[in-house]
2 protein chains.
Amino acid sequence: MRLSEGVEWTVHCCTLLAGLPPDAALSAKKLAEFFDVPPDYLAKHMQQMSKAGIVNTKKGPNGGYSLAKPARDITLLDMVEAIDGRVCSFKCTEIRQRGPSGVSPCSYKTPCGIARAMRKADQVWRDELRKTTLADLQIIGLRETPPEQMNKAITWLKGLFT
Amino acid sequence: MRLSEGVEWTVHCCTLLAGLPPDAALSAKKLAEFFDVPPDYLAKHMQQMSKAGIVNTKKGPNGGYSLAKPARDITLLDMVEAIDGRVCSFKCTEIRQRGPSGVSPCSYKTPCGIARAMRKADQVWRDELRKTTLADLQIIGLRETPPEQMNKAITWLKGLFT
DNA sequence: TAATAACGGATAAAATATATCCGTTATTAT
DNA sequence: ATAATAACGGATATATTTTATCCGTTATTA
């Protein structure tokens with residue numbers, strides 16, 4: 001029961017992208033360098049973000065990734081689901097239908113109570129993730145990032161757009 | 001991001017145990033037969049339930065597993081955590097500290113905003129699971145199990161305690 | 001005393017997550 | 001035009017986790 005590492009990577013990437021000048025883009029290679037993660041693998045994840053409509057892509061020199069919409073309109077859930085999918089964390093294999101007491105599948109009118117409770121919990125989890133937007137994360141980042149790191153980051157970014 | 005199959009198995013097993021006469025017990029072998037799942041592997045999971053204090057165990061002939069407390073006092077969360085543990089589904093690897101902009105670890109006063117949002121969502125998920133008790137699941141089972149299956153189950157169980 | 005059953009440890013097998021590589025296409029700066 | 005850049009998709013490799021089995025030990029009971 002663990003979210004893939006790609007979730008952490010891509011959410012951080014999007015937070016960084018949210019702070020970029022309007023028409024700027026960062027390549028997978030540069031993003032990977034910034035966070036010190038495997039470039040090729042991060043690229044795969046960013047492609048999923050692109051498919052999910054969260055980021056735009058631009059090929060060629062000075063190309064890369066940029067946000068596809070305002071940070072306010074991108075939720076944490078959007079990003080989590082782009083990487084980890086939308087299927088419920090609980091997979092019901094209908095074991096109630098198996099074994100010596102099982103009867104024909106059409107006899108079961110509703111999903112079993114266990115599956116229903118699990119799905120409800122999964123739902124509130126997603127609802128909670130939906131409450132946080134990329135804009136929220138960006139503001140938290142601006143407020144809480146150590147000043148020294150902020151300076152280093154700005155310097156590093158400036159070096160790219162010259 | 002998926003719960004292990006063992007969660008489904010053990011919750012179903014506990015629901016069955018909840019319906020047994022007070023001093024009756026069912027062995028891993030019998031439980032596995034009832035649900036048609038691998039006996040040895042189910043046994044491993046039931047041992048985790050035992051360690052978590054959810055079921056009692058009794059060795060020897062006519063031994064097996066029985067509930068360690070009233071169904072009302074066992075939550076779905078208890079059972080989920082017995083199998084899948086209590087660690088948050090999001091693992092923060094502190095990538096903010098890495099790369100060219102990272103600064104010394106002691107500069108970071110709080111967990112990053114992303115980790116905090118993820119933990120909050122994990123918390124509401126657990127809170128929701130805590131709301132459902134084994135007694136609730138038992139009642140739902142009694143109400144919704146097809147009559148034909150109920151009869152077969154009772155017959156099968158009677159065959160064991162003679 | 002023989003059969004049953006939990007328990008713990010050691011593997012083994014299967015599935016999934018992580019990671020790399022390569023050829024293709026699109027784009028841009030020179 | 002051309003060379004360099006960068007996303008994209010597919011194939012493949014590696015690592016980790018999940019699933020599953022097996023076995024010896026101990027406790028218990030008929």
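**View 1. Helices α2 and α3 of chain A cross in this predicted model.** The axes of α2(A) (residues 28-35) and α3(A) (residues 39-51) come within 9 Å. They cross at roughly 115 degrees. The crossing is right-handed. From α2(A), the contact takes in A28(A), L31(A) and A32(A). These residues meet P39(A), L42(A), A43(A) and M46(A) of α3(A). Seven residues of this contact are nonpolar, none is polar and none is charged.

**View 2. Strands β1 and β2 of chain A form a hairpin.** Strand β1(A) spans residues 55-58, and β2(A) spans residues 64-67. The two run antiparallel and are joined by four bridges. T57(A) faces Y65(A) across the pair, standing opposite this residue of β2(A). Five residues lie between the strands. One of the turn residues, G60(A), has a positive phi of about 85 degrees.

**View 3. Chain B has a hairpin of β1 and β2.** Here β1(B) covers residues 55-58 and β2(B) covers residues 64-67. Four bridges hold the antiparallel strands together. K58(B) is placed opposite G64(B) of β2(B). Again, five residues separate the strands. G60(B) sits in the turn with a positive phi of about 80 degrees.

**View 4. Helix α6 of chain B has buried residues.** The helix runs over residues 134-144. Its residues L134(B), A135(B), L137(B) and I140(B) are buried. Both chains contribute to the cover. Chain A supplies α5 (113-131). Chain B supplies elements including α1 (5-18), β2 and α4 (76-84).

**View 5. T132 of chain B lies in the loop between α5 and α6.** Is T132(B) buried or exposed? T132(B) is buried, because its relative accessible area is 16% and the cut-off for burial is under 20%. Which residues does T132(B) contact, leaving aside neighbours within four places in sequence? In chain B, the partners are I74(B), T75(B), L76(B) and L137(B). A117(A) is the partner from chain A. One of these contacts, L137(B), is also among the buried residues of α6(B).

**View 6. Chains A and B are related by a two-fold axis.** A rotation of 180 degrees superposes chain B on chain A. The shift along the rotation axis is 0.0 Å, and the RMSD is 0.0 Å. That is why the relation is described as a two-fold axis. Of the interface residues of chain B, 100% are also interface residues in chain A, so the copies meet through the same surface.

Definitions and conventions:
Residues are numbered from 1 along each chain as its sequence is written. Chains are lettered from A and ligands numbered from 1 in the order in which they are written. This is a predicted model: local features need pLDDT of at least 70, side-chain atom pairs count only at pLDDT 80 or more; totals for chains, interfaces and linings use all residues. Side-chain values use heavy atoms; hydrogens and water are left out. Two strands pair if DSSP finds at least two bridges between them. Copies are superposed by least squares on the C-alpha atoms of residues with pLDDT of at least 70 in both. Contact means heavy atoms within 4.5 Å. Buried means under 20% relative accessible area, exposed over 50%, partly exposed in between (1.4 Å probe, protein chains only). Axes are lines fitted to C-alpha atoms, for helices over the stretch in contact, and angles run from 0 to 180 degrees between N-to-C directions. A crossing is left-handed if the near helix is turned anticlockwise from the far one by less than a right angle, and right-handed if clockwise. Ala, Val, Leu, Ile, Met, Phe, Trp, Tyr, Cys and Pro count as nonpolar, Asp, Glu, Lys and Arg as charged, and the others, Gly among them, as polar.
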